[in-house]
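Student: Please take one part of this structure and examine it closely for a reader who has not met it before. Explain any special terms along the way.

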Amino acid sequence: LKSLIGKRRENPAGLPLPPGPPRLPIVGNLFGVKDLGRQWLTYVDWSKKYGDLLYVEIFGQKLLILNSEKVAEELLDKRSQNYSDRPQVPMVTLMGWGFTMGLLPYGPIWRKHRKVMHQALNLQAVLNYRHIQLNKVRQLVWNILQAPDEMEAHLKTQVLCRLTLVYGYEMEPRNDLFASIVDRAACMLTNSFVPGAALVNAFPVFQYLPEWCPGAGFKKYANECKKLVRKLRDLPYEYVQKQMVFVHFSLLGRELTRIGKAEGIAPHSMVSEMLEHKEEEDVIKSVAGTVYAAAIETSSSALSAFVMAMIIFPSVQEKAQAEIDRITGESRLPDFSDRESMVYMEAIYREVLRWSQVTPLGVPHMTTNSDIYNGYFIPKDTVVFANIWSITHNEEKYPDPMRFMPERYIGADGQLTGDLAEHQFGFGRRKCVGKYLAEASVWIAMVSILAVFNLSKAKNEQGRDIDVIPEYKSGILGHPIPYSFSITPRSPRTARLAQDAESDGNM
Ligand code: HEM
């Protein structure tokens, strides 16, 4: 009776919940979802019957799925004050990743972290990192030239190079300690749906089970990850501190530190900048650690999807290379100053964002208070997913959506259209704060690869092309499933450009 009165108070007009498929007791719609690793596809099917605003329940958790750009913008953008919380996932906290800004509840701590991160990664601030990004991409091109078969690893290393940007730390080319810690901890987060994790997420009380208890294997996994995360937060931070102390002692004072930077004594990094601004230690460690949690798999997933698109759609690759050659005069590698002149490359970048599946369901938001939308009642604490896959594969806006077609973004006048394909970065106040950094590093990597190499299908023993089917690993982050392909220099001239890039990369 008490719960009925409570419900009535929250929803005095007795409005209906948004439409959705019928639910079973306790499990709700769990068994209706055909493939939990690719839930977005089921939601697209259901939305054809029930509409863009879809209500689902799983183990009593209320879920709202926003299947169109219009509803996502109306709720997550326009009503963002009520749609910016995050559901707390017990397994993630158990693994030590709870500090990550992207998962923090909406409140003063998130606000503080977001502000610090915005200062470091806004449109203007990211310009400071361009020389590092260019330097790293030159190393990438050289690495590919030396060991083309290790392309996936090179793309990952390229992203791990953020260690330089965040901490001013130069990785060892192989078996780097920090890089391996970061990589393992981030992988464990992405793969955190180990058996038992779903149980503890649905019933948080299970987190108190001892590690030895049958069925509590998830705790062992979580504790192992927690140790890595502690190292990930502490070790690189201590490294920067030592460098800063050295500079402060040897050059006495802040002004001189700046001179030190100019002389290359203290590498400029996000963390050194935050230390100079006297941010609190915990904030610095959390913000720096967040860059990894949020950045590693996302950017490398977009780059892997780009490689796959170039192989499946070779005419796009040829057109892009013709544009690059026209702008660079075939005598140098492209750089950031070329971006505005390369309309087709820009269209490719946008199409990569649309066509890839970096985060098909985004990162879940949660309502702070109940709400009414189009006559439907949306309860407090409802978890809200923007179905980014559905939005970026909307046939009305993007005809033949599975086709990789950069021309979608070029108008009849030959200029870029106003569609920036930004929905892959999410919505509202929780929209991706690393967007500017991500877009610069993805763009420069794509254009540099195409300037030097041809990407094509691998051949089988009979010399025939091995077809590539765009398939992604299932999960919250969509990474292409590994497949064979070939990457070779376009000509001796471009191979020379890549060779020369090594000396640029070691600048
Ligand atoms: C292609 C690359 C990337 C894609 C597609 C991407 C996508 C996203 C998406 C969909 C969200 C959730 C937005 C929402 O809640 O509506 C997000 C959040 C976030 N992203 Fe990215 N991201 C990328 C790269 C990066 C990079 C490089 C960084 C850091 C340098 C970063 C940092 C973050 C952070 C910190 C959040 C959490 C924001 C918050 O909760 O307030 N992302 N990203």
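Tutor: A polar contact is a pair of N or O atoms within 3.5 Å. Arg 430 meets that limit, for one of its polar side-chain atoms lies 2.8 Å from an oxygen atom of the ligand. The model is predicted, with local features requiring pLDDT of at least 70 and side-chain atom pairs pLDDT 80 or more, while totals for chains, interfaces and linings use all residues. Residues are numbered from 1 along each chain as its sequence is written, and side-chain values use heavy atoms, without hydrogens or water.

The surroundings of the ligand form a shell of 29 residues, of which Arg 86, Arg 114, His 365, Arg 430 and Cys 432 come nearest; a residue belongs here if one of its heavy atoms lies within 4 Å. Arg 86 also places a polar side-chain atom 2.8 Å from a ligand oxygen atom. Phe 427 takes part through its backbone instead, with an N or O atom 2.9 Å from an oxygen atom of the ligand.

Cys 432 has a further role in the geometry of the site: its SG atom, 2.3 Å away, is the single donor from the protein to the iron atom of the ligand. Donors here are N, O and S atoms within 2.8 Å of the metal (3.2 Å for Na, K and Ca).

By class, the shell has 15 nonpolar, nine polar and five charged residues (Asp, Glu, Lys and Arg count as charged; Ala, Val, Leu, Ile, Met, Phe, Trp, Tyr, Cys and Pro as nonpolar; the others as polar). At least two residues of the shell come from each of helix 5 (108-121), helix 14 (281-312) and helix 18, where a helix is a DSSP run (H or I) of at least four residues. Helix 14 gives the most, six residues.

Cys 432 itself sits in the loop between helix 17 (388-392) and helix 18. Following the chain into helix 18 (residues 435-452), one finds that its axis and that of helix 15 (residues 314-328) come within 9 Å and cross at roughly 90°; axes are lines fitted to C-alpha atoms, with angles from 0 to 180 degrees. Helix 15 and helix 18 are therefore roughly perpendicular, a term for angles of 65 to 115 degrees. In this contact (heavy atoms within 4.5 Å), Gln 317, Ala 320, Gln 321 and Ile 324 of helix 15 meet Val 447, Leu 450 and Ala 451 of helix 18. Five of these residues are nonpolar, two are polar and none is charged.

Notes: Angles under 35 degrees count as roughly parallel, over 145 as roughly antiparallel, 65 to 115 as roughly perpendicular and the rest as oblique. A polar contact is a pair of N or O atoms within 3.5 Å; within protein, one must be able to donate a hydrogen and the other to accept it, and residues adjacent in sequence count only if both atoms are side-chain atoms.
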